[in-house]
Amino acid sequence: MFALIKREIQDHLVYFIAAAVFSALLVLVLVEAVFKYDSRNPPVISISLGVAFAAIVTLGICGMGASQMYLDKSRRISAFLSTLPVSRSRILLARITAGILAILILLVPLAITAIFLLRLFTPPIPLYSGMVWEIFTATFLLALACYCIGLQTGWNSSAITPSLGGLGLTCIFVPLVVVKGLGPEIMVILASFIAASLFRTWHNFSSTSL
Amino acid sequence: MQIRIDNASGRAVYQQIINQIKRDIALGRLIKDEKLPTVRQLAAQLAINPNTIAKAYRQLEQEGIIVTRPGAGAFVASLDSSLSEAVKMRVISEELERIVVEAFHMQIDSQTLLEWFGSAVEKFNLSAKKPPSEITTGEQSNE
Amino acid sequence: MNENVIQVENLVKYYDGRCVLDGIDFAVPRGCIYGLLGRNGAGKTTIIRILLGLEPPTRGRTTLLEADSTSLPAKIRGRIGCVAEGHNLIQSYKVSRLIRLCKDLSLQWNDELFNRLIETFRLPADRRVRELSIGMRAQLNLSLAMAIDPELLILDDPTLGLDTVARRQFLELAIDIIQKQGRTILFCSHILSDVERIADRIGILAAGKLVVDCPLEQLKERVRKLRVIFPEAAPANLYLTEIVNQQIEGREMVITVANWNSQKQAILETFKPSSCTEIPMSLEDIFIECTRPSAEPLEVA
């Protein structure tokens, strides 16, 4: 199993590096926004920069999922792996684990920074305890949902279409988040979507001809 | 022991092995009590399925040309012991008849045929009254 | 334990509405080397892909080591070594990385054997797979398949791209494997002389059907090609069964018959031929006869 995950990471190293880089960038933006925060002058530049990064990251996560599947198909990686004593489910599991790892690399530093900043400063909006965790989990699920779209569509098409799909998803989910907030309802919706998407991907992957 | 398998020939591989072992014995390249390679050795050497070799050895043993001693292997037999005169006559007569039929179809007269037969007998040096260690594969050497 | 390592039952496969396999039945017993023959596009690769679970059958069932092909558990897969058509290795990897991957994921690995093979074949470890010649990829594939000490070897055209020496090395390897207890090999090849050397049983695939499935030596004994000359024009119908092929030209008839026996000999003789000679058939000849479009399936008993 470890060997499979290692293989996935090695093959898609660029995404992991990008995740680390964007994580650092977002941390910088966040820190800058908080330090420079002035209730009279909201840090518009930082926020718009942050949103831009977030959009790129969303596309990137979707693209990673798609790229993992697409590369597999075009380089016939699973076709070869199938000759070894690994089941297709394990291959898929390793793949998803690698994806989750990338997402975590992206989000965890942000979360840590947020917690740290909260200790230092009082936030402008009232936060209740555990809110960071909620936001973190919801964001994680959102990222995972984008990733799942990438996975699902990547097997059959090039890398471009799923990225657009990810964009489309963001367009659906962001208003949803704005309306409902990053709360438990969002998490349930996202979790159901992720479960359904993963199941469909697994089913397709298990029965496709290699 | 050098055995060559001819893939273009219509003969089964095991038959070719049998024929070549018989020929080697007839020409004195294999002598009485000489140890033959094991099935495994020959299979590995020729890159041929061991079952084929085993079959060849089995048939050679049935015909009394080799003997297998358990634990020791296969050896060239002293050839006069197991086959009776009647069996020998039958085997040789069948071969002879086959040749005569061929000759008939090629319209070869009996004089010429006997001449050719004589020279083949000479080639293999069949002695007047057969000592035990000689056997002939016949006057035709088609493998 | 079931004696049959591979079992194919009523296998049917359609591709885009075209029937590629039309009811294939055969079994490969343990310890056997089975040679699957057929012209290009006959369906040999399809059978192997279905056996390995790379593709689902349209109908029918295939089992490897008593497990259904469509759901081979990893443990069973680990006992099977395979070389697929075109040697599908991951082209973009370096050879050393590919070897590492196989080593890590295999259930058992015979390092000593593998290194010996790599040395014999002189395979470079630091080049990418796609930079190797076809022959070297073939040898790499074979080495990987054999290094896991497989109980069952399934090889699709394993000598593709190999030079004469390498081909002979492969044959010797195959014999080496089969001499070990309980090993089985299924392979396809176009080099019939190779098949003739090492196969126990032969299957010939033509027009979606297995027209021949029997031990090799039986095949040669039972299929006879005769050149019969009649005093007058050759009769159109000899009332013989199991005629694989028949060609008439004036007084001469060349006929290929399966399961030749004394009965058929007797029937032939009632037509009073002036001569009847046997034309020796090599496996290649038999193969060509059996894969003619008009050929009838041989029931070589």
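# Notebook: chains A, B and C of a predicted model

I began with the domains of chain C, where the assignment gives domain 1 as 4-88 + 142-216 and domain 2 as 224-280; such bounds come from an automatic or database domain assignment. I then looked up the spacing, and the C-alpha centres of domain 1 of chain C and domain 2 of chain C lie 36 Å apart.

Before going further I noted that this is a predicted model, in which local features need pLDDT of at least 70 and side-chain atom pairs count only at pLDDT 80 or more, while totals for chains, interfaces and linings use all residues. Residues are numbered from 1 along each chain as its sequence is written, and chains are lettered from A and ligands numbered from 1 in the order in which they are written.

**Sheet in chain C**

I next followed the strands of chain C and found an open sheet of 4 strands in the order β12-β13-β11-β14, with antiparallel pairing. I kept two conventions in mind: two strands pair if DSSP finds at least two bridges between them, and helices (H or I, at least four residues) and strands (E, at least two) are DSSP runs numbered from the N terminus. The edge strands of this sheet are β12 (243-249) and β14 (275-279) of chain C, each of which pairs on one side only. From one strand to the next the twist averages 15°.

I went through the pairings of β13 (residues 252-257) of chain C, which joins β12(C) in the antiparallel sense over 6 bridges. Within this pairing I243(C) has V257(C) as its bridge partner, and N245(C) has T256(C). In the hairpin of β12(C) and β13(C), 2 residues lie between the strands, and G250(C) takes a positive phi near 65°. Strand β11 (residues 224-229) of chain C also runs antiparallel to β13(C), again with 6 bridges, and here the bridge partner of R224(C) in β13(C) is V257(C).

**Helix pairs in chains A and C**

For packed helices I recorded angle and distance, since two such helices are described by the angle between their axes and the distance between the axes. Axes are lines fitted to C-alpha atoms, for helices over the stretch in contact, and angles run from 0 to 180 degrees between N-to-C directions.

In chain A, I looked at α5 (residues 88-120) and α6 (residues 131-154), whose axes come within 10 Å and cross at roughly 160°. That angle makes α5(A) roughly antiparallel to α6(A), given that angles under 35 degrees count as roughly parallel, over 145 as roughly antiparallel, 65 to 115 as roughly perpendicular and the rest as oblique. The contact involves residues including G99(A), I103(A) and L107(A) of α5(A), and V132(A), F136(A) and T139(A) of α6(A); two residues are in contact if their C-beta atoms, placed from the backbone, lie within 7 Å.

In chain C, I found that the axes of α4 (residues 111-121) and α5 (residues 134-147) come within 9 Å and cross at roughly 165°, which makes α4(C) roughly antiparallel to α5(C). On the α4(C) side I listed L113(C), F114(C), L117(C), I118(C) and F121(C), and on the α5(C) side Q139(C), S143(C), M146(C) and A147(C).

**Chain B**

Turning to chain B, I counted 5 helices and 2 strands, and along the sequence they follow the pattern α-α-α-β-β-α-α. The chain is divided into domain 1 (13-76) and domain 2 (85-123), and the C-alpha centres of these two domains of chain B lie 27 Å apart. Buried residues make up 21% of the 143 residues in chain B; a residue is buried if 20 or more other C-beta atoms, placed from the backbone, lie within 10 Å of its own, exposed if 12 or fewer, and partly exposed in between. Of the contacts in chain B with a separation of 6 or more, 56% are between residues 24 or more positions apart.

**Where the chains touch**

Lastly I checked the contacts made by chain C, and 20 of its residues are in contact with 18 residues of chain B. On the chain C side, α6 (164-179), α7 (192-198) and α8 (216-222) each supply at least two residues, and the largest share, 7 residues, comes from α6(C). The contact between chains A and C takes 16 residues from chain A and 19 residues from chain C. On the chain A side, α1 (2-11) and α4 (77-81) each supply at least two residues, with the largest share, 3 residues, coming from α4(A).
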